[in-house]
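User: I should like to learn how to read a structural model feature by feature. Could we proceed from a single residue outwards, with the general idea given before each case?

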Amino acid sequence: MATVFLVTLYEYSPLFSIGAVSLCFIITAAILLGRFGFHVPAILHSSDEPESITPTPEKHMVQVTNPFALDLGSGPANVIDGVSLKPCCLDSCVLSCFWGCEVIALQRALQTHQHNLKLCSPQHFLQALQHHYHYCQTFQICEDHREEVRTRIPDEHHITDFGPLPRDRYPLVAVLTLAKEEARNIYNIVANVTVIHVPDDKYNLSARILFQYLLTSQRTMFELKPLFMSAGAEDTSPPPDPELVSRPSSLEENPEVAGDEWDEWSERSSRDCVICQNAAVNRVLLPCRHACVCDHCVTHFQHCPICRAFVLESFVLDRPAEP
Ligand SMILES: [Zn+2]
Ligand SMILES: [Zn+2]
């Protein structure tokens, strides 16, 4: 059949026929060479084949218990009406809301924590910020507190905005510290500093958390960053706080920390690997922070299957217990 076709083709166009036969020969030879172990730098190799992949380095992680979580609550959020905050703590806490906190003052306070005074109580923050804020409101948050708290600047301060851009003040800095002296020795993390944007007349970008920092009892500071979970079938909302904390790169080592609320979330939601759909998601890809693949599939990819970003490192979410 093929012979008849080639003969007919040869009669019509000898040059094309010779070309077609040569091409078939080259492709067959390349496939055979590839099979016997010779490296064929041709289109015949798929870029996602395991042998062409160098394994992504695994990042060393340290697991710690973060007693603090803070999120924005419901209801209107602006400078006039105030903003609702949803604290959730493992121990009794104090929530201090610093409205109109100077950017420089906060940076200086965070540096103070790393060099001089350990910021582990509301008084320490008051001292470190040295009145470089418009107004401070504090709330006592007990262990089982689940309601939202509402903070706003009283009318007598006559503050309706924080001036034109660029600004030298953050609208709101919410600080969580442990209320009990003895609890400060139990947890590694002594304070949570959340910088929040609150809209006003001059800048109406919707309210959002800009940064979250965790201060440790060893005088270091982590920036808290969310993980992006591949949504399960029945639960499409992100997990409450599977937070990733990374130490600023200027500091030594670089251990990172994952929050322990992850366990709770992982139990109640479907979390199949987006590649094999067979094993549980157990790897977070860096730098994009997508948690979407299992331990096996992570070795097959150099690009994130969700966003296609190049994967520099990955870390394990849940390491099996040592025997
Ligand atoms: Zn998989
Ligand atoms: Zn990604």
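**Reading the model step by step**

Analyst: We may begin with a loop residue: H158 is located in the loop that connects β5 with β6. Please bear in mind throughout that this is a predicted model.

User: What is unusual about the backbone at H158, given that it is not a glycine?

Analyst: The quantity to read is the sign of phi. H158 has a positive phi of about 50°, although it is not a glycine. Its surroundings can then be read by counting neighbours: a residue with 12 or fewer other C-beta atoms within 10 Å is classed as exposed. H158 has 7 other C-beta atoms within 10 Å and is therefore exposed.

User: Where does Q130 lie, and what is the value of its phi?

Analyst: Q130 sits in the loop between α4 (122–129) and β4 (135–141). Its phi is also given as positive, at about 45°, and Q130 is not a glycine. Q130 counts as exposed because it has 11 C-beta neighbours inside 10 Å.

User: Which peptide bond ending at P166 should I inspect, and is it cis or trans?

Analyst: Here one reads omega. The bond from L165 to P166 is cis, with omega near -10°. P166 belongs to the loop between β5 (149–151) and β6 (169–178). R167 is also placed in the loop between β5 and β6. With 16 other C-beta atoms within 10 Å, R167 is partly exposed. The C-alpha atoms of R167 and V103 are 8.5 Å apart, although 64 residues separate them along the chain.

User: How is the bond between L286 and P287 described?

Analyst: L286 and P287 are joined by a cis peptide bond, with omega of about 10°. P287 is found in the loop between β13 (283–286) and β14 (290–293).

User: What does the UniProt record list for residues 273–308?

Analyst: An annotation is best read as a statement of the record, and then set beside the model. The UniProt entry, which is unreviewed, lists residues 273–308 as "domain: RING-type". In the model, the chain over residues 273–308 is 0% helix and 22% strand, and its end C-alpha atoms are 16 Å apart.

User: How should I read the packing of two helices, for example α3 against α4?

Analyst: Two packed helices are described by the angle between their axes and by the distance between those axes. In this model, the axes of α3 (residues 103–115) and α4 come within 9 Å and cross at roughly 125°. That angle makes α3 oblique to α4. The crossing of α3 past α4 is right-handed.

User: Which residues of α3 and α4 meet?

Analyst: From α3, A105, A109 and T112 meet F125, A128 and L129 of α4. By class, this contact of α3 with α4 has 5 nonpolar residues, 1 polar residue and no charged residues.

User: Is H124, in helix α4, buried or exposed?

Analyst: The cut-off for a buried residue is 20 or more other C-beta atoms within 10 Å. H124 has 20 C-beta neighbours inside 10 Å, so H124 counts as buried. Leaving aside neighbours within four places in sequence, H124 is in contact with L117 and L119. The C-alpha atoms of H124 and A109 are 9.3 Å apart, and the two residues are 15 apart in sequence.

User: Which residues does E58 touch beyond its sequence neighbours?

Analyst: The idea is to compare separation in sequence with separation in space. Setting aside residues up to four places away in sequence, E58 touches E313, S314 and F315. E58 and E313 are 255 residues apart in sequence, yet 5.6 Å apart from C-alpha to C-alpha. E58 lies in the loop between α2 (14–35) and β1 (68–72). With 12 C-beta neighbours inside 10 Å, E58 counts as exposed.

User: Where is F310, and with which residues is it in contact?

Analyst: F310 is in the loop between β14 and β15 (313–316). Not counting neighbours within four places in sequence, F310 contacts Q302 and H303. F310 is exposed, as 11 other C-beta atoms lie within 10 Å.

User: How many helices and strands does the whole chain have?

Analyst: The protein chain has 5 helices and 15 strands. Of its 323 residues, 29% count as buried. Among contacts between residues at least 6 apart in sequence, 60% join residues at least 24 apart.

Technical notes:
Residues numbered from 1 in each chain as written. Chains lettered and ligands numbered in written order. Predicted model: local features only at pLDDT ≥ 70, side-chain atom pairs only at ≥ 80, totals over all residues. UniProt positions renumbered as here; feature names shortened; annotations may be inferred. Helix = DSSP H or I, 4+ residues; strand = E, 2+ residues; numbered from the N terminus. Axes fitted to C-alpha atoms, helices over the stretch in contact; angles between N-to-C directions. Parallel < 35°, antiparallel > 145°, perpendicular 65-115°, else oblique. Left-handed = near helix turned anticlockwise from the far one by under 90°. Contact = placed C-beta atoms within 7 Å. Nonpolar A, V, L, I, M, F, W, Y, C, P; charged D, E, K, R; others polar.
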